[in-house]
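Visitor: I would like a close look at one part of this model. Please start from a single strand and then work outwards to what lies around it.

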Amino acid sequence: MKILVTGASGLLGSKICLLALKKGHEVYSVYREHAVDSGKPVKLDLTSWSDVFKAFSELKPEAVIHAAAYTDVDGCEANRDTAWSVNAESTRLVAEASARIGAHLTYVSTDYVFDGEKGLYTEDDEPNPINYYGYTKLKGEEYVKQHGEQWCIARASVIYGWGAEHKPNFATWLISSLSQGKEVKVLTDQHVSPTFNTNLAEMLLEIAERRITGVLHTAGATRVSRHGFALKLAEAFQLDVNMVKPASMREIPWKARRPRDSSLNVSKALMLLESKPLRLEQALEMMRKETVDKDGKESLKLWK
Ligand SMILES: NC(=O)c1ccc[n+]([C@@H]2O[C@H](COP(=O)([O-])OP(=O)(O)OC[C@H]3O[C@@H](n4cnc5c(N)ncnc54)[C@H](OP(=O)(O)O)[C@@H]3O)[C@@H](O)[C@H]2O)c1
């Protein structure tokens with residue numbers, strides 16, 4: 001199948017491209033600034049309608065996985081125009097272009113569309129974002145729903161895994177810090193559903209292959225505090241758990257507000273998908289295995 005992946009230079013998109021290639025798909029890897037070398041690289045600014053429409057109508061993908069976004073939550077609060085054009089407006093363009101060529105669209109959205117007052121949100125719960133990032137991602141969801149029938153909105157939460165060196169994520173930051181003997185302070189009062197990029201990429205590819213439609217929570221299957229997540233990571237990578245110190249949301253001078261408990265209920269994905277949302281321990285075991293190269297040696301050097 002011909003699949004076009006946006007955000008191919010990102011933490012999630014790069015993994016989707018690799019797995020899709022392994023499964024024998026023809027992959028168009030859309031990036032903007034950071035060049036990619038997997039699949040057929042396509043340099044494209046998704047905020048330009050003429051460029052998006054030209055690329056989609058020339059390449060004619062059968063499925064589109066839209067993982068590009070402006071993901072810096074505080075950055076979105078400060079640079080609202082950019083957040084709007086990348087997260088909301090370009091999703092409208094991608095949705096319109098996908099509908100015009102009859103491609104199935106999977107839009108990767110976020111737990112931050114919720115206010116975090118309830119936790120373990122289901123697909124039927126009402127979004128109510130409390131920061132601009134969440135607001136623009138929710139607008140993206142609304143645009144997707146307005147364009148045709150062949151779409152799936154797949155929400156994830158705190159994506160982690162091995163990714164590009166230029167952009168550490170929570171897990172690689174923690175592993176890197178603890179490996180260097182640095183103490184870290186992590187929140188005990190923010191709960192999430194950490195989502196391993198490989199697990200998410202597998203779920204998204206299944207959604208695209210089976211042309212699944214509707215809203216689906218495709219996060220990890222464990223609700224945990226950031227602090228609990230950090231302890232599990234430290235244990236899995238045999239790092240010093242005593243260097244993980246508790247902190248509270250009150251102590252952090254964020255520009256954007258954060259939901260207190262944006263964990264997602266993944267029962268629907270567990271029932272529907274063959275690639276199931278993994279529990280945290282299973283996902284960390286997989287992440288550990290990904291660090292062992294073919295000679296059986298540990299390869300954590302990037303993060304030390
Ligand atoms: N990270 C999380 O914890 C998290 C949690 C829940 C949901 N999500 C959602 O999951 C998706 C993937 O997140 P991620 O962490 O993998 O993202 P990421 O690593 O921050 O990568 C963002 C990607 O978007 C691309 N991009 C940004 N602006 C663009 C533009 N104008 N035109 C074309 N491409 C553009 C970037 O390309 P260049 O770098 O080449 O410019 C990059 O490939 C996003 O939709 C995000 O909202 C993320």
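Visitor: How many residues of strand β6 (residues 151-156) are buried?

Guide: Six of the six residues of β6 are buried, so the strand is mostly covered (buried means 20 or more other C-beta atoms within 10 Å of the residue's own, exposed 12 or fewer, partly exposed in between, with C-beta atoms placed from the backbone). Strands (E, at least two residues) and helices (H or I, at least four) are DSSP runs, numbered from the N terminus. Residues are numbered from 1 along each chain as its sequence is written. The model is predicted: local features need pLDDT of at least 70 and side-chain atom pairs count only at pLDDT 80 or more, while totals for chains, interfaces and linings use all residues.

Both faces of β6 are covered. Trp151, Ile153 and Arg155 point one way, Cys152, Ala154 and Ala156 point the other way, and all are buried. β6 pairs with β5 in the parallel sense over six bridges (pairing requires at least two DSSP bridges). Within that pairing, Ile153 of β6 is the bridge partner of Tyr107.

The partner strand leads to the ligand. β5 (104-110), α1 (11-22) and α4 (80-101) each supply at least two residues of the shell around the ligand, and α1 gives the most, with three residues. The ligand is surrounded by 31 residues (C-beta atom, placed from the backbone, within 6 Å of it), the closest being Gly10, Leu12, Arg32, Glu33 and Ala69. By class the shell has 15 nonpolar residues (Ala, Val, Leu, Ile, Met, Phe, Trp, Tyr, Cys and Pro), five charged (Asp, Glu, Lys and Arg) and 11 polar (the others, Gly among them).

Leu12 also appears in the surroundings of β7. Ile159, found in strand β7 (residues 159-160), touches Leu11, Leu12, Asn169, Thr195, Asn197 and Leu200, not counting residues up to four places away in sequence (contact means C-beta atoms, placed from the backbone, within 7 Å). Ile159 is buried because 26 other C-beta atoms lie within 10 Å. Its C-alpha atom is 9.0 Å from that of Ala171, 12 residues apart along the chain.

Ala171 leads to α6, where Ala171, Thr172, Leu174, Ile175 and Leu178 are buried. These residues cover an arc of only 160° around the axis (taken from the directions from the helix axis to the C-beta atoms), so they are on the same side of α6. Their cover includes β7, β8 and α8. Just after α6, Gly181 has a positive phi of about 75°.

The nonpolar core is the last stop. The largest one has 85 residues (buried Ala, Val, Leu, Ile, Met, Phe, Trp, Tyr and Cys joined through C-beta atoms within 7 Å), among which Val5, Ile16, Ile65 and Leu204 touch the most other members. Helix α7 (residues 197-210) gives the most to this core, with seven residues. Ile65 touches Ile3, Val5, Ile16, Thr106, Leu204 and Ala208, again leaving out residues up to four places away in sequence. In soluble globular proteins, nonpolar side chains tend to be buried together.

Note on methods
Contact = placed C-beta atoms within 7 Å.
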